[in-house]
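Me: Could you take a close look at the aromatic pairs in this one for me? I'd like the ring geometry, where the rings sit, and enough of the overall picture to place them.

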Amino acid sequence: PYQQQGFEWLVFLSRYGLNGILADDMGLGKTAQTIAHIVIEESAGRLDRPVLVVVPTTLVPNWTAEIARFAPHLRVVVLYGLDRHARRRDLAGVHVVITTYTVLSRDIEEMVSLSWHLVVLDEAQAIKSPTAKATHAVCRLETRHRLCLSGTPIENNLGELWSQFAFLQPGLLGQRKAFTRRFRTPIEKDGDPVRRRQLSARIRPFILRRTKSAVATE
């Protein structure tokens with residue numbers, strides 16, 4: 001049931017042109033919920049462009065295996081390795097393209113010329129640094145919809161949250177310096193409950209998080 005709810009939330013975001021973070025704990029099926037959403041987009045005829053899934057290198061086999069298991073009819077291309085340039089030139093009829101943060105950063109000038117239906121960032125804490133190459137790269141991609149998957153959207157500080165929303169909903173949290181002054185410093189240094197509630201209210205519609213303890217019975 002919680003996965004059904006997560007899937008419906010993804011559909012809701014897509015329908016209204018919104019983007020968000022699926023922040024379930026590790027092991028609760030973020031990949032499966034995302035694949036279900038991609039399947040619905042394909043079956044509804046909206047997948048006239050590929051979905052781009054960006055992952056750490058270690059998760060490439062997991063994504064290819066999960067798609068083969070849950071949606072074997074989807075055509076998948078992996079952009080990794082020395083022959084990736086030839087594969088990138090022929091994406092006609094492809095539903096899902098999988099690449100890594102490292103490859104995307106290296107090939108960004110070629111990737112920005114492509115159009116995507118949805119860009120999915122798995123382990124999205126990879127763009128927690130606003131100045132990192134990967135962060136700049138994903139923000140340059142041309143896509144209709146954006147989705148972050150992360151069991152730990154905030155690992156160390158609120159600046160990591162700002163970085164992910166700079167990709168997801170540019171402008172929602174304001175400029176980086178203004179965000180630090182208005183939210184990060186009062187919350188992290190002073191424990192300001194008012195600013196904490198204000199920030200929580202602003203981002204709540206765009207984050208869905210369930211913990212293992214909350215859905216253990218399922």
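Reply: Sure, a bit of background before the rings. This is a predicted model, and the protein in it has 10 helices and seven strands. Its radius of gyration is 17 Å, close to the 17 Å that the globule rule gives for 218 residues, so the protein is as compact as a globular protein of that length. Along the principal axes, the C-alpha trace spans about 55 × 45 × 30 Å. Of the 218 residues, 47% count as buried. If you take the contacts between residues at least 6 apart in sequence, 70% of them join residues at least 24 apart.

Now the rings. Searching the whole structure turns up three aromatic pairs. One of them is Phe12 with Tyr16, a tilted pair with 5.1 Å centre to centre and 50 degrees between the planes. The angle is neither under 30 degrees, which would make it stacked, nor over 60, which would make it edge-to-face, so tilted is the label that remains. As for cover, Phe12 is partly exposed, at 39% relative accessible area, while Tyr16 comes out at 54% and counts as exposed, because the cut-off for exposed is over 50%.

Another of the pairs is Phe165 with Phe206, and here the arrangement is edge-to-face: the centres are 6.4 Å apart and the planes make 75 degrees. Phe165 sits in helix α8 (residues 158-168), and Phe206 is in the loop between α10 (193-203) and β7 (207-208), so this pair ties together parts that are 41 residues apart in sequence. Both Phe165 and Phe206 are buried.

While you're looking at loops, stop at Glu123 too. Glu123 lies in the loop between β5 (115-122) and α7 (133-139). Its phi is near 50 degrees, a positive value in a residue other than glycine. With a relative accessible area of 29%, Glu123 is partly exposed.

Last, the outside and the charges. The accessible surface of the protein is about 10,800 Å², and 52% of that belongs to carbon and sulfur atoms. There are 30 positive and 21 negative side chains, with the centres of the two sets 6 Å apart.

Methods
Residues are numbered from 1 along each chain as its sequence is written. This is a predicted model: local features need pLDDT of at least 70, side-chain atom pairs count only at pLDDT 80 or more; totals for chains, interfaces and linings use all residues. Side-chain values use heavy atoms; hydrogens and water are left out. Rings of Phe, Tyr and Trp (its six-membered ring) pair if their centres lie within 6.5 Å; planes under 30 degrees apart count as stacked, over 60 as edge-to-face and the rest as tilted. Buried means under 20% relative accessible area, exposed over 50%, partly exposed in between (1.4 Å probe, protein chains only). Helices (H or I, at least four residues) and strands (E, at least two) are DSSP runs, numbered from the N terminus. The radius of gyration is taken over C-alpha atoms; the globule rule is 2.2 Å times the number of residues to the power 0.38. Contact means heavy atoms within 4.5 Å. Accessible areas come from the Shrake-Rupley method with a 1.4 Å probe; for residues, only the protein chains shown count as cover. Lys and Arg count as positive and Asp and Glu as negative; His and the chain ends are not counted. The place of a charge is taken as NZ of Lys, CZ of Arg, CG of Asp or CD of Glu.
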